[in-house]
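Please find below some remarks on the model under review. They are set out as numbered points.

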Amino acid sequence: LLETIVNLQSSNWESVRILRDSQAPAGLRHINSIVFALPSISNEAYILAVLDSNDRVNTTRLEEAVVEACQQVDRDERRSLLSLAPTEQLISLCGFSSGTIPPLGLTPPPLLTVVEQSLVQGDSGEFVVGGGGMPHQSVILPVSTLLNTNDSANPVHVAAFRDETTTQLSHYGQSLLSSTKETTPASSSMILSGHEFEQYRKPYFSVAPPDKDIALAFIKDDSSGPSLAPEWVAVVGRISGVRRMARRLVFCDLAPVVNSVSSAEDVHPWRNPKTDEAMAVQLILGKTICQRMGVDQAETAFKQLKVGQLIMIQGKTNVGNRDSLKNWVTKNSLDIVVFDFEHLHTEVEASVWNKPLESTPKTGSKSILIASTAGASP
């Protein structure tokens, strides 16, 4: 249903992907799509507010944005203009149930979609993850696609309406802190040192590396220890380093989509989801890709890999290889054997990618989806 609706309404459908939650790549910003009823207009009218999943809505600021953008809406200072739509009314209002509401493709469409300003201040080609229209399903799309749906039938307005009083960290810092083992309430104030702040801005990698004691036992060929099984990985990130070992073998360093510091300075841009320690990820593109794509096509694809590219990969942890285990134990770098990959963004110059995020506004960047492989997902 969502695919059909978006296909009809959006000229940018080629950049939108709908996946099961379990297949959604790690490292992307998550967004919430919140429905607000407009009882003063009609029982069918509603507003859609789209913002980072770790932000809260300041309803006063949201109401001001709605009044500014909609001439047919007048604000009565004596009562609230907006009210959170009751869960039991969501399907009749927008066509989707609670927990599945996507950021676009709703039917009937909202009177206005208001996108939080902070979502569009960076790279308009940044991919975000939202509700996928059905339980256990997600939609992945560039922020620019949200803005490009703006027309008379689906007006979109950008405004600052998040509650700034709860914003103590960056978007990614809040997301990471809320997912740690500690029981600190999400609404509590936290003051971090500069070092701690940068550490918490690092996202968790999607799978945990092996325990180092077990890895060491495997390296020493201790058959009495637990066995190591490879894990499937699906993740989106930026290429921060490329080493061409041979025509048919390339090693790539993978950094998060949005890095808190220069990729040249941060050799461990991820966090271990099991221990919270900083870690690196190295992609191995070689024999497996050649077998799937064919040697000629693979060699061509390898030549196109460059620093700064946004890439989605699927592969397995290389825990059966002793050299890869030594790499993990000695360098805190997890090796991933890549089975399939796609470029998700136009090429980014290395000199731009290596600058801190705050100093790299990219105006007018174009988001495209280019398939680099022909094979199906493993």
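1. What covers the buried residues of helix 9? The cover includes strand 9 (232-246), strand 10 (249-255), strand 12 (278-285), helix 8 (287-293) and strand 14 (333-343). Helices (H or I, at least four residues) and strands (E, at least two) are DSSP runs, numbered from the N terminus.

2. The model is predicted: local features need pLDDT of at least 70, side-chain atom pairs count only at pLDDT 80 or more, and totals for chains, interfaces and linings use all residues. Residues are numbered from 1 along each chain as its sequence is written, and side-chain values use heavy atoms, with hydrogens and water left out.

3. In helix 9 (residues 295-303), Ala298, Glu299, Ala301 and Phe302 are buried (under 20% relative accessible area, 1.4 Å probe, protein chains only). Because these residues cover an arc of only 160° around the axis (taken from the directions from the helix axis to the C-beta atoms), they lie on the same side of helix 9. Asp296 and Lys303, on the other side, are exposed (over 50%).

4. The largest nonpolar core (buried Ala, Val, Leu, Ile, Met, Phe, Trp, Tyr and Cys residues joined through side-chain atoms within 4.5 Å) has 28 residues. Phe205, Leu283, Leu305, Ile313 and Phe341 have the most contacts inside it. Helix 9 and strand 13 (310-317) are among the elements that give two or more residues to this core.

5. Strand 9 pairs in the antiparallel sense with strand 13 over seven bridges, and with strand 10 in the antiparallel sense, also over seven bridges (pairing requires at least two DSSP bridges). Arg238 stands opposite Leu310 in strand 13 and opposite Ala255 in strand 10.

Methods:
Contact means heavy atoms within 4.5 Å.
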